[in-house]
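Student: I am new to this structure and would be grateful for a close look at a single part of it. Please begin with one helix and follow its surroundings outward.

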Amino acid sequence: MMPDYTPTELMATVASRLLENGKSVFVGTGLPIIAATLAQRTHAPNLLIVFEAGGVGPRVPILPISVGESRTFYEGVAATSMHDVMSSSQAGYTDYGFLGAAMIDAYGNINTSVIGDHAHPTSRLPGSGGANDVGSYAWRTILIMRQEKRRFMRKVDFVTTPGYLTGPGAREAAGLPRGTGPWRVITQLGVYGFHETTKRLELLALHPGVTFDQVQENSEFEILGAGHVGVTEPPTAEQLRILHEIDPLGIAIGK
């Protein structure tokens, strides 16, 4: 039987379940906003959503087009500035950073800047925005992205946002706070974490119907499995209803 949900809907609901009530989350454009809003409307009503342009604690009515749009301030607890929200993150007040990515490597370094050589790229991507700040200072960074061999790379073309850089101790040596860094990666195939010792990406759970071979086929580097690889839970009918209430035009979720 074909599932009654799409891979994008599954990614959004799986990601939303990672966010805890009473925590703060600094969200990027698109699916991160949708997943955080879904969490706030279901199991985490006191989730504090923070936007780069200064919206803090809004109750987002429908998906904003950007992180600076007026809906990112709707019924918020503060309408402040980019300086204030970035400073708060640097001061250690951001529990979760939630970002998209174009490319990632085995240590969680992500690229959203260029494809090819930085001086002479074949393509230019949207760039960092606040992603470098979020990935540098949030206690736990969640990444959500499509998984393909050209995106799961042995070495990213450019490090826009640092993961664990070259491995254990590299973040701290670069001056980033101890205990911060990438925590989870959600793709259309599964959910990943990072090994406590090696800091390499490892598979934690497969989505229903996905095999480990499919996961490995869609990565340039070797995918490591955790001691027990689980299976994610599909979205409920209520979660699907709320997702399309948040994104009625299907901009990120699709129709």
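Tutor: In helix α1 of this predicted model, the buried residues are Thr8, Glu9, Leu10, Met11, Ala12, Thr13, Val14, Ala15 and Ser16. Nine of the ten residues of α1 are therefore buried, and the helix is largely enclosed by the rest of the structure. The elements that cover these buried residues include α2, β5, β10, β11, β12 (190-194) and α7.

Helix α7 may be taken next. Its buried residues are Gln239, Leu240, Ile242, Leu243 and Ile246. They lie on the same side of α7, because they cover an arc of only 165° around the axis. An α-helix has 3.6 residues a turn, so residues three or four places apart point the same way. The buried residues of α7 pack against α1 and α2.

These helices also take part in a wider nonpolar grouping. The largest nonpolar core has 37 residues, and those with the most contacts inside it are Leu19, Val25, Phe98 and Ile186. Two or more residues of this core come from each of α1 (7-16), β1, α2, β5, β10 (140-144), β11 (182-186) and α7 (237-246). Helix α2 gives the largest share, seven residues. In soluble globular proteins, nonpolar side chains tend to be buried together. Apart from this core there is a second, separate one of 28 residues, which includes Ala101, Ile104, Ile110 and Val210.

Val25 leads from the largest core to strand β1. Setting aside neighbours within four places in sequence, Val25 is in contact with Leu19, Ala36, Leu47, Leu48, Ile49, Val50, Tyr96 and Phe98. Strand β1 comprises residues 24-27 and is covered on both faces: Ser24 and Phe26 are buried on one side, and Val25 and Val27 are buried on the other. In a regular strand the side chains alternate between the two faces of the sheet.

Strand β1 has parallel partners. With strand β2 (residues 48-50), β1 pairs in the parallel sense over three bridges, and Phe26 stands opposite Val50 in β2. With strand β5 (residues 96-100), β1 likewise pairs in the parallel sense over three bridges; here Val27 stands opposite Phe98 in β5. Helix α2 (residues 31-41) joins β1 and β2 in a right-handed β-α-β unit.

Strand β10, one of the elements that cover α1, contains Leu143. Leu143 is buried, with a relative accessible area of 2%. Not counting residues up to four places away in sequence, Leu143 touches Leu99, Ile104, Gly108, Ile110, Arg184, Val185 and Ile186. Among these contacts of Leu143, Ile186 has a place among the residues with the most contacts inside the largest core, while Ile104 and Ile110 belong to the second core. Leu143 and Pro45 are 98 residues apart in sequence, and their C-alpha atoms are 22 Å apart in space.

The loop between β10 and α5 (170-173) holds Thr161. Thr161 is buried, with a relative accessible area of 3%. A polar atom of the Thr161 side chain lies 3.5 Å from the backbone oxygen of Ala131. Residues up to four places away in sequence aside, Thr161 touches Leu99, Gly108, Asn109, Ile110, Ala131, Asn132 and Gly135. Leu165 is found in the loop between β10 and α5 too, but it counts as partly exposed because its relative accessibility is 25%. Its phi is near 55°, a positive value in a residue other than glycine. Most residues other than glycine have a negative phi, and most peptide bonds are trans.

The loop between β3 and β4 offers a further pair of residues. Thr72 is found in this loop and counts as buried, at 0% relative accessibility. Its side chain reaches the backbone oxygen of Glu69 at 2.6 Å. Beyond its neighbours within four places in sequence, Thr72 is in contact with Phe51, Gly55, Pro58, Pro64, Ser66 and Val67. Glu75 is placed in the loop between β3 (55-56) and β4 (78-79), where it counts as exposed at 55% relative accessibility. Phi of Glu75 is near 55°, again a positive value in a residue other than glycine.

Notes. Residues are numbered from 1 along each chain as its sequence is written. This is a predicted model: local features need pLDDT of at least 70, side-chain atom pairs count only at pLDDT 80 or more; totals for chains, interfaces and linings use all residues. Side-chain values use heavy atoms; hydrogens and water are left out. Buried means under 20% relative accessible area, exposed over 50%, partly exposed in between (1.4 Å probe, protein chains only). Helices (H or I, at least four residues) and strands (E, at least two) are DSSP runs, numbered from the N terminus. Two strands pair if DSSP finds at least two bridges between them. A crossover is right-handed if, with the strands pointing away from the viewer, the path from the first strand over the helix to the second runs clockwise. A nonpolar core is a set of buried Ala, Val, Leu, Ile, Met, Phe, Trp, Tyr and Cys residues joined through side-chain atoms within 4.5 Å. Contact means heavy atoms within 4.5 Å. A polar contact is a pair of N or O atoms within 3.5 Å; within protein, one must be able to donate a hydrogen and the other to accept it, and residues adjacent in sequence count only if both atoms are side-chain atoms. The arc is that of the directions from the helix axis to the C-beta atoms.
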